[in-house]
Amino acid sequence: MTPAHPTEKKFEVHIEAHLLASGYIKGQSADYDRELCLIPTEVIAFISATQPNAYEQLQMQYGGATDDNLCRRLAKEIGKRGTLDVLRKGFKDRGCSFKLAYFKPVSGMNPDHLALYQQNRFTITRQLFYSTLNNNSLDVALFFNGLPLITCELKNSLTGQFVEEAIKQYRNDRDPKEALFKFKRCLVHFAVSNEKVAMTTRLAGGKTRFLPFNKDTENPVNPTGFRTHYLWEDILQHDTLLDLLENYLHVQINSEKVYGKGGKLEEVRSEVLIFPRYHQFDVVRRLLSQVKNEGEGHSYLIQHSAGSGKSNSIAWLAHQLASLYRKEYDQHRLFDSIIVVTDRRVLDKQLQDTIKQFEQTTGVVVPITTDSAALRDAIEAKKDIIITTLQKFGVISKTTAAHPGMRYAVIIDEAHSSQSGESAKHLNQALHTDLEHAEARDDTSDVPTLEDKILEEIRLRSKQQGHISYFAFTATPKNKTLELFGRKNTDGKPVAFHVYSMRQAIEEKFILDVLENYTTFKRYFKLTKTAATDQEFEKKKALRLLTSYVDLQPHAIETKSRLMLDHFIDHTVNAIEGRGRAMLVTRSRLHAVKYYLMFRKVIAEMDLPYQPLVAFSGEVIDPDTDEKHTENGLNALPPKVGIPDALKTPDYRILIAANKFQTGFDEPLLHTMYVDKKLGGVGAVQTLSRLNRTMIGKDSCVVIDYVNEADEILASFQDYYQTTLLEDTTDPNKLYDLQQQIMEFELFLTEDVDAFAVIFFDAKQPQEMLQPLLDAARDQWRQREMAECEEIRGLLNRFSRLYGFLSQILTFEDVELEKFYVFCRLLVRKLDRREGTLPLEVLDAVDLDSFRIQKTYEGSVALEREDGELPAVGEGTAGFNEEKTDLLSSIIKTLNDTHGLNLSEDDKVDMQSLKDNIYKHEDLRSVFNADNPASVRKMKFDEVLDDIILEFVHTKLDLYKKLKQPQANRTLKDMWYSEYQRVPQRPDPANQP
């Protein structure tokens with residue numbers, strides 16, 4: 001007897017059997033009208049059973065042609081309006097109104113409506129022959145009351161077919177011009193395998209974008225069958241599908257400003273049929289179920305990463321809470337009002353538009369864009385859905401507390417606190433204008449954020465909140481947030497009610513991994529003490545201010561500005577198909593101003609065709625010039641053109657920001673971030689995450705950090721990232737080590753790489769000639785043991801990733817490495833896939849230009865899935881924490897130990913001698929005594945100092961090398977020049993009595 005072998009057909013049979021047992025009707029392909037894109041018999045059966053009077057009235061007009069005319073009229077309406085709109089609103093024919101769906105009543109008070117709901121008809125048809133042009137068929141089609149809802153292409157991994165093959169089938173073999181596949185006709189198309197599901201609502205040939213529809217990147221093991229069982233056992237069930245049709249599916253109008261062909265910003269509008277991703281549908285359903293079970297007065301924390309579609313999740317939740325009845329026969333809904341609170345001072349337009357677009361009855365959504373009185377009135381009037389800002393949270397808290405007999409649901413959008421500490425900064429600005437306070441007054445680390453204030457407001461009123469439920473959405477919950485909104489797990493630790501992690505968002509390619517391309521620079525400098533006596537200072541603050549002093553010196557600003565612009569020109573400007581943008585994050589508003597002015601100067605010198613933008617709040621006074629600067633004054637943008645819009649135009653490519661645009665700023669063109677600010681914790685995650693937005697042509701991003709260490713940034717991400725993604729790969733010589741390790745396996749020879757490069761880099765050469773060279777290496781690889789094969793694969797991937805990254809910052813060129821990289825990058829694609837996996841993308845051709853320009857990564861980073869754990873609120877030393885003090889000379893020593901030249905005691909003696917020689921130099925003194933401009937004085941000073949240092953080349957070679965290091969040399973000149981110009985006539989210390 002031949003054993004049963006799993007096939008795609010048996011997979012179909014399994015799904016069909018389950019749906020038939022759940023109440024589906026078995027359909028035949030012959031019943032389907034390919035021209036009308038309907039099952040006419042099902043349409044008529046539903047209408048005649050549920051709306052007999054209207055059907056009989058129509059029969060009086062059409063007679064024997066009623067069914068045919070009715071179905072043609074329906075098909076025409078669907079063609080104009082789309083299936084979803086017809087299902088929700090019905091249609092008319094010769095004065096007769098018809099419904100095509102009866103949705104589940106929100107309460108049990110209407111038994112007649114419930115009876116109609118139970119007469120909805122669901123049909124499953126296997127191997128549907130859908131085309132009017134050929135005899136093509138698809139695996140499964142699902143119909144609702146005769147209208148097409150869903151198509152499915154099924155693949156069985158045990159026959160070597162995976163979900164990627166189903167996706168490819170939709171892209172290549174399903175013509176979007178066919179009636180069934182036209183946009184808004186059939187609502188969703190599922191690619192289904194035993195392990196994974198993907199879906200799309202719009203077929204567009206090779207450009208079709210499928211979204212994962214899985215419980216995690218990998219679906220959990222199902223002990224009783226297929227991993228994807230939830231699709232037919234849950235999602236395709238009657239109640240679930242009708243819930244989706246009524247409350248979730250939505251035609252959304254997206255609006256985006258783009259730089260058009262006419263040379264101006266144009267607003268481009270497009271329609272998108274939204275079908276919720278699995279985690280979106282899951283979180284809303286779970287929240288509704290839990291609220292029904294618990295009633296009002298509870299809190300829920302939803303930890304959803306960027307890329308999770310948070311705006312849609314909030315919109316779905318708000319609308320369904322607004323019509324939620326806790327028990328079947330309740331006469332009043334659970335909540336009187338739903339209040340959505342967003343974190344922007346100006347009401348978040350995206351969130352407002354999203355919630356408004358989900359509105360099916362006019363007047364349900366009330367955005368509060370005016371004063372607090374309007375918000376108070378809306379709450380007291382029990383408006384269904386009220387949208388407002390965090391700044392009005394005090395009004396919400398007081399108004400809801402004043403009406404304990406009313407019940408409220410408050411949905412809090414992530415509190416980014418993008419304007420945190422604004423008032424405090426303005427107060428300090430009026431009090432301080434000197435250099436030493438430039439960074440300190442812009443430091444908001446100790447200023448309570450808006451989120452902190454909200455949490456405190458809720459905490460103070462917690463005993464009065466039994467009539468209010470809170471739903472808090474955040475990607476990066478603080479310990480306070482977890483304490484207040486979290487639910488205790490089995491270990492007694494508060495956790496989020498629902499999680500969609502950064503890890504999953506990255507693995508599903510909804511966002512980029514901002515830690516994958518990361519490099520750091522470290523600055524070195526030397527300070528000398530000029531005070532006659534030592535004085536004690538608070539050490540931590542002194543170190544910060546002295547470091548700020550150094551970093552605000554013109555040479556420091558100029559050195560880093562030139563490094564950034566060189567990198568931008570060589571790499572970023574060509575990224576994202578030549579549209580790459582960069583952002584420089586600075587530590588204070590004064591730093592931002594100085595960087596902006598320096599960028600303008602260097603850009604003019606280099607004659608570049610674009611300018612920077614600067615973003616900071618209030619007014620900044622430059623202590624060196626006493627000039628006053630504002631954001632608007634420096635940018636000088638046309639009226640009604642904001643910084644986000646200007647950055648989209650070719651005129652502006654770099655944004656320099658101080659405490660602005662570090663949260664809540666979504667610009668997919670941002671490719672590179674230059675960091676000149678200490679980052680840590682949530683702030684580091686939120687700031688660097690400005691780079692993670694995806695778009696066509698963008699599959700990597702870069703961080704160049706001048707302040708933070710890689711392990712510090714990794715530690716900040718760990719609690720929210722659930723993984724360790726950052727390797728210490730900034731040493732370019734590691735490339736040669738990896739190259740040598742790969743060559744030791746003798747898969748190919750250097751001559752093979754050279755021959756490959758001759759073909760690859762010559763567009764006139766036949767590209768198929770690349771294959772034999774790669775095939776030969778792959779054949780060698782196949783002969784090795786499995787462990788060795790995987791070791792080789794790992795080395796090839798490591799080299800490719802490392803080279804792709806370092807090529808963006810290398811200061812040298814190595815043609816041989818470039819050739820080796822191209823060979824390895826394509827060879828690893830040829831290697832047989834690991835057992836049980838399938839490459840997500842296979843390139844059929846190599847685009848030389850786009851490859852060389854964008855230097856992108858291929859492959860995924862292996863993740864460690866670890867849950868982060870924040871310290872409990874209030875942990876640490878109790879009481880007053882006294883600042884440690886130290887002598888100025890010791891502080892300088894600390895700085896030199898960290899950043900200095902490692903000068904010996906003998907070096908210090910020689911340094912003093914060098915300094916004395918400067919003051920003895922008569923020519924230099926005469927230049928300063930004369931009425932010469934500052935530029936002449938500085939030039940002469942630098943010249944004299946270089947001449948004096950040169951004298952050490954024969955006697956003190958080591959010291960000479962230290963003092964000629966470019967950054968150290970520049971620091972030395974600037975510091976001594978600053979001192980010398982104050983007292984050029986100082987007597988020679990050696991001649992003093």
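Start by selecting Tyr 230: at 3% relative accessibility, this residue counts as buried. Keep in mind throughout that you are looking at a predicted model.

Now add Tyr 278, which is buried too, with a relative accessible area of 9%. Show both rings. Tyr 230 and Tyr 278 make an edge-to-face aromatic pair, 5.2 Å centre to centre with 65 degrees between the planes. Colour the helices next: Tyr 230 sits in helix α8 (residues 229-235) and Tyr 278 in helix α10, so this pair ties together parts that are 48 residues apart in sequence.

**More rings**

Jump to Phe 661 and Phe 665. Their ring centres are 4.9 Å apart and the planes stand at 75 degrees, so this pair is edge-to-face. Both Phe 661 and Phe 665 are buried.

If you like rings, there are plenty to click through: a search of the whole structure turns up 27 aromatic pairs. For a whole group of them, select Phe 748, Phe 756, Phe 760, Phe 799, Phe 820 and Phe 823, which form one aromatic cluster.

Two arginines are worth a stop here. Arg 277 lies over the face of Phe 510, 3.4 Å from the ring centre. Arg 653 lies over the face of Tyr 610, at 5.7 Å from the ring centre.

**The sheet**

Switch to cartoon view and pick out the strands. Seven of them form an open sheet with mixed pairing, in the order β1-β4-β5-β6-β7-β8-β9. At the edges are β1 (25-27) and β9 (211-212), each of which pairs on one side only.

Zoom in on β5 (residues 137-144) and β6 (residues 147-155), which pair in the antiparallel sense over five bridges. These two strands form a hairpin with two residues between them, and Asn 145 in the turn has a positive phi of about 50 degrees. Beside the turn, Phe 144 stands opposite Leu 147 in β6. Further along, look for Val 140, which stands opposite Cys 152 in β6.

Stay on β6 for a moment. Is this strand mostly covered or mostly open? It is mostly covered: nine of its nine residues are buried.

Then cross over to strand β7 (residues 188-193), which runs parallel to β6 and is joined to it by six bridges. To see one match-up, select Thr 151, whose bridge partner in β7 is His 189. Add helix α7 (residues 163-173) to the view, and you have a right-handed β-α-β unit made of β6, α7 and β7.

Now go back to β4 (residues 122-129) and select Thr 125, which has its place in that strand. Thr 125 is buried, with a relative accessible area of 0%. What is it in contact with, leaving aside neighbours within four places in sequence? Thr 125 is in contact with Gly 27, Gln 28, Ser 29, Ile 39, Asp 139, Val 140, Ala 141 and Phe 143.

**The core**

For the last stop, show the side chains of the largest nonpolar core, which has 95 residues. Phe 190, Phe 213, Leu 236, Leu 245, Leu 321, Ile 411 and Phe 471 touch the most other members. Helix α10 (residues 278-294) supplies the largest share of this core, seven residues.

Centre the view on Leu 321. Not counting residues up to four places away in sequence, Leu 321 touches Leu 288, Phe 335, Ile 338, Ala 409, Ile 411 and Phe 471. It fits a broad pattern: in soluble globular proteins, nonpolar side chains tend to be buried together.

How values were computed:
Residues are numbered from 1 along each chain as its sequence is written. This is a predicted model: local features need pLDDT of at least 70, side-chain atom pairs count only at pLDDT 80 or more; totals for chains, interfaces and linings use all residues. Side-chain values use heavy atoms; hydrogens and water are left out. A nonpolar core is a set of buried Ala, Val, Leu, Ile, Met, Phe, Trp, Tyr and Cys residues joined through side-chain atoms within 4.5 Å. Buried means under 20% relative accessible area, exposed over 50%, partly exposed in between (1.4 Å probe, protein chains only). Helices (H or I, at least four residues) and strands (E, at least two) are DSSP runs, numbered from the N terminus. Contact means heavy atoms within 4.5 Å. Two strands pair if DSSP finds at least two bridges between them. Rings of Phe, Tyr and Trp (its six-membered ring) pair if their centres lie within 6.5 Å; planes under 30 degrees apart count as stacked, over 60 as edge-to-face and the rest as tilted. A charge sits over a ring if NZ of Lys or CZ of Arg is within 6 Å of the ring centre and within 35 degrees of the ring normal. A crossover is right-handed if, with the strands pointing away from the viewer, the path from the first strand over the helix to the second runs clockwise.
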